[in-house]
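Here's a quick briefing to read alongside the model. Take a look at the structure first, then work through the points below.

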Amino acid sequence: MGVTVPIHKSADATGPEEYRQITMSTVLCCIFHRVLAQRAERLLPIGPREKAFRKGDGLADNVWLLQSLIYDCRAQALSLCITFVDVQKAFDTVSHASILKAAARLGFPPLLVEYICGL
């Protein structure tokens, strides 16, 4: 069991889309979910450049990589194209059904997929 509380994303939030829901649960539940997340992370095919929700300073790593690319291209007089993708509200647009299908496809045990569905 948990308690869900709406937290406003900005000081002048007016509509429901400007709130983020935070669910608070017991410490035991949080520890259980952390263990599940750590085990699931071993199964997930996440690339080395993906830094969201991972340990370490991913932002600094990616900034260093970008600066190195720019420096090398300038030094060798090569052209370089850079694209920044804004993934704002990315998690709002992913369907829960697709998350469950992906978990099953990756080999998560059926009982775990069912538990995640219940969350």
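Is Tyr 115 buried, partly exposed or exposed? Tyr 115 counts as partly exposed, because its relative accessibility is 33%, which falls between the 20% and 50% cut-offs. Keep in mind that this is a predicted model.

**Overall layout**
- The protein chain has two strands and five helices, running β-β-α-α-α-α-α along the sequence.
- Just 8% of the chain's 119 residues count as buried.
- The accessible surface adds up to about 10400 Å², and carbon and sulfur atoms account for 63% of that.
- Looking at contacts between residues at least 6 apart in sequence, 24% link residues at least 24 apart.

**The aromatic pair**
- The structure has one aromatic pair, made by Phe 32 and Tyr 115.
- Their rings sit edge-to-face, at 5.6 Å centre to centre and with 85° between the planes.
- Phe 32 belongs to helix H1 (residues 27-43) and Tyr 115 to helix H5 (residues 110-118), so the pair ties together parts 83 residues apart in sequence.
- Phe 32 is partly exposed too, with a relative accessible area of 41%.

**The nonpolar surface patch**
- Val 3, Ile 7, Ile 22 and Met 24 make up a nonpolar patch on the surface, together offering about 340 Å² of accessible area.
- Strand S1 (2-8) and strand S2 (19-25) are the elements that each give two or more residues to this patch.
- Met 24 is in strand S2, and at 46% relative accessibility Met 24 counts as partly exposed.

Definitions and conventions:
Residues are numbered from 1 along each chain as its sequence is written. This is a predicted model: local features need pLDDT of at least 70, side-chain atom pairs count only at pLDDT 80 or more; totals for chains, interfaces and linings use all residues. Side-chain values use heavy atoms; hydrogens and water are left out. Helices (H or I, at least four residues) and strands (E, at least two) are DSSP runs, numbered from the N terminus. Buried means under 20% relative accessible area, exposed over 50%, partly exposed in between (1.4 Å probe, protein chains only). Contact means heavy atoms within 4.5 Å. Accessible areas come from the Shrake-Rupley method with a 1.4 Å probe; for residues, only the protein chains shown count as cover. Patches are made of residues with over 30% relative accessible area and no salt bridge: like charges are joined within 9 Å, nonpolar side chains (Val, Leu, Ile, Met, Phe, Trp, Tyr) within 5 Å. A salt bridge is a side-chain nitrogen of Lys or Arg within 4 Å of a carboxyl oxygen of Asp or Glu. Rings of Phe, Tyr and Trp (its six-membered ring) pair if their centres lie within 6.5 Å; planes under 30 degrees apart count as stacked, over 60 as edge-to-face and the rest as tilted.
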